[in-house]
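Let's take a walk through this one together. Have the viewer open and follow along as we go.

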Number of protein chains: 2
Amino acid sequence: MRDAFHDQLESVLGDLAGICRDVETAVRLATEALLSGDAAVAEQVISADVEIDRARERVEDQAFALLSLQAPVAGDLRVVIAALRMVSELERMGDLSVHVAKIARLRVPNVAVPQAIHPTIARMAEVAEDMVKRVGQIILSQDVTAAIELGRDDEVMDQLRRSSFAQLLSDDWTEGVEAAVDVALLGRYYERIADHAVSIANRIVFVVTGEHPRALQA
Amino acid sequence: MRDAFHDQLESVLGDLAGICRDVETAVRLATEALLSGDAAVAEQVISADVEIDRARERVEDQAFALLSLQAPVAGDLRVVIAALRMVSELERMGDLSVHVAKIARLRVPNVAVPQAIHPTIARMAEVAEDMVKRVGQIILSQDVTAAIELGRDDEVMDQLRRSSFAQLLSDDWTEGVEAAVDVALLGRYYERIADHAVSIANRIVFVVTGEHPRALQA
């Protein structure tokens with residue numbers, strides 16, 4: 001009975017890692033669409049999101065079945081609850097990628113991101129994508145050290161966001177209001193993707209150690 | 001045993017409604033700080049957020065205890081899981097109010113929202129606050145009709161957001177990039193608060209009827 005439970009739980013975690021790979025693809029393609037102004041790639045991200053939503057529903061059904069049929073307690077219960085939360089966050093990260101793709105699509109045949117701020121946004125996207133990739137590995141490996149490290153990388157994203165704002169609001173900004181609004185919202189979307197990656201990593205730390213990452217770092 | 005369970009479950013829902021009232025206060029005060037440029041009120045929202053976080057932890061502990069000790073199934077399990085999700089959303093709505101308050105604080109002694117767009121932002125804030133208030137009542141009353149109505153009001157928010165963008169991006173906008181970026185982000189925050197209110201209302205519909213609101217409206 002317990003073994004069947006742990007097999008099913010492992011399968012849920014495998015599914016979460018699979019959704020995380022889909023999110024990684026969504027972030028990558030949304031960024032490609034954004035930086036190249038490619039409407040077809042943007043459409044691809046937008047239409048693929050329904051798959052992430054369906055995968056989330058499957059994980060929720062499995063988690064619900066595990067709770068109903070096996071009534072786990074203590075650590076096992078904690079993992080199932082964490083899985084439910086992680087899958088919500090992954091779905092949200094997919095939605096945020098769609099938001100990026102929609103800004104890209106809105107500006108076609110132009111590119112939403114002006115050349116002057118291209119490197120900063122490209123770097124934000126790269127950091128976000130890397131964090132999504134790593135959190136997918138952490139879901140599978142349950143590597144607490146890697147999870148705590150991911151949390152620290154969030155500061156890189158904060159710095160990039162501050163630096164993008166400094167550019168937008170400097171006297172050198174000659175790209176107008178529309179581009180500034182796009183860039184501010186894009187910064188927000190990438191930052192939120194990174195926040196969710198950190199949050200998932202923190203949940204893995206909690207599941208493995210029973211402690212919140214802050215307590216471990218103190 | 002079952003009666004003790006339902007008493008505890010009712011107490012969890014009561015706590016959720018209480019958190020919702022705190023969120024309503026946060027939205028109201030954040031808006032007051034924003035539209036008046038009052039730093040003290042902004043600080044009040046920012047420092048009160050820790051109470052919402054603590055209340056969320058208490059609800060999570062209670063829900064975890066219910067799952068562990070009572071191993072609910074079917075409808076009862078669905079309510080406990082919904083409570084866990086609703087409390088995450090309420091915490092997030094508190095965070096979004098803090099974001100509004102922080103924009104207010106950043107611009108003191110000025111007001112972040114220029115006069116020209118003041119009515120639109122004030123209306124968005126009013127709609128968001130009203131939705132938060134109503135969803136608190138829906139958590140207690142489990143009123144499915146009211147919950148489905150709330151979902152429809154989300155369109156009002158979408159229209160306001162589109163209208164705020166139209167103002168920002170029109171040739172008449174003379175308030176510069178900084179104010180435009182503030183207003184775009186503020187619009188996003190109020191829209192997300194409204195989204196979460198709708199999501200909570202939808203969870204109540206699902207808990208009561210076992211159906212998603214879309215299925216009921218079809």
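How many residues of chain B are in contact with chain A, and how many of chain A with chain B? The numbers match up: 30 residues of chain B are in contact with 30 residues of chain A. Keep in mind as you look around that this is a predicted model, and everything below is computed from it.

Let's stay at the interface for a moment. The size of an interface is often given as the accessible area lost when the parts come together. Here, the area buried between chain B and chain A comes to about 2400 Å², and carbon and sulfur atoms give 69% of that. On the charged side of things, the count between the two chains is two salt bridges. One salt bridge to pull up on screen joins R85(B) to E60(A), with the closest N and O atoms 3.0 Å apart. Polar contacts are worth a look too: across the interface of chain B and chain A, the rule finds two residue pairs, both at pLDDT 80 or more.

Which helices of chain B supply at least two residues each to the side that touches chain A? They are α2 (39-70), α3 (74-107), α5 (144-169) and α6 (176-209). Of these, α6(B) gives the most, with 10 residues. Sort the side of chain B that touches chain A by class and you get 19 nonpolar, three polar and eight charged residues.

Now step back and look at chain A as a whole. Chain A has seven helices and zero strands, and reading along the sequence simply gives α-α-α-α-α-α-α. How compact is chain A for its length? Its radius of gyration is 19 Å, close to the 17 Å that the globule rule gives for 218 residues, so chain A is as compact as a globular protein of that length. Taken along the principal axes, the C-alpha atoms of chain A fill a box of roughly 65 × 40 × 20 Å. Of the 218 residues in chain A, 54% count as buried. As for how the chain packs against itself, take the contacts in chain A with a separation of 6 or more: residues 24 or more positions apart account for 84% of them.

For a close-up of such a long-range pairing, go to E129(A), which lies in helix α4 (residues 118-141) of chain A. E129(A) and R28(A) are 101 residues apart in sequence, yet 6.5 Å apart in space, C-alpha to C-alpha. Not counting residues up to four places away in sequence, E129(A) touches E24(A), V27(A) and R28(A). Is E129(A) buried or partly exposed? At 21% relative accessibility, E129(A) counts as partly exposed, because the cut-off for buried is under 20%.

Back to E60(A), the residue we met at the interface. E60(A) also forms a salt bridge with R56(A), again with the closest N and O atoms 3.0 Å apart. R56(A) and E60(A) both sit in helix α2 (residues 39-70) of chain A, four residues apart, about one turn of the helix. Both members of this pair are charged, and both fall under the cut-off: R56(A) is buried with a relative accessible area of 16%, and E60(A) counts as buried at 14%.

What is R85(A) linked to by salt bridges? R85(A) belongs to a network of salt bridges with R56(B), E57(B), E60(B) and E91(B). Pick out E91(B), which lies in helix α3 of chain B. E91(B) is buried, with a relative accessible area of 18%. Leaving aside neighbours within four places in sequence, E91(B) is in contact with I52(B), D53(B) and R56(B).

Finish the tour on α6 of chain B, the helix that gives the most to the side touching chain A. Here the side chains of E191(B) and R188(B) meet in a salt bridge at 3.4 Å, N to O. These two lie three residues apart in α6, about one turn of the helix, and both E191(B) and R188(B) are buried. In the same helix, R192(B) and D195(B) are also three residues apart, and their side chains meet in a salt bridge at 3.1 Å, N to O. R192(B) counts as buried at 13% relative accessibility, whereas D195(B), at 24%, counts as partly exposed. Over all chains, a search of the whole structure finds 31 salt bridges.

Methods:
Residues are numbered from 1 along each chain as its sequence is written. Chains are lettered from A and ligands numbered from 1 in the order in which they are written. This is a predicted model: local features need pLDDT of at least 70, side-chain atom pairs count only at pLDDT 80 or more; totals for chains, interfaces and linings use all residues. Side-chain values use heavy atoms; hydrogens and water are left out. Contact means heavy atoms within 4.5 Å. Buried area is the accessible area (1.4 Å probe) that two parts lose on being put together, summed over both. A salt bridge is a side-chain nitrogen of Lys or Arg within 4 Å of a carboxyl oxygen of Asp or Glu. A polar contact is a pair of N or O atoms within 3.5 Å; within protein, one must be able to donate a hydrogen and the other to accept it, and residues adjacent in sequence count only if both atoms are side-chain atoms. Ala, Val, Leu, Ile, Met, Phe, Trp, Tyr, Cys and Pro count as nonpolar, Asp, Glu, Lys and Arg as charged, and the others, Gly among them, as polar. The radius of gyration is taken over C-alpha atoms; the globule rule is 2.2 Å times the number of residues to the power 0.38. Buried means under 20% relative accessible area, exposed over 50%, partly exposed in between (1.4 Å probe, protein chains only).
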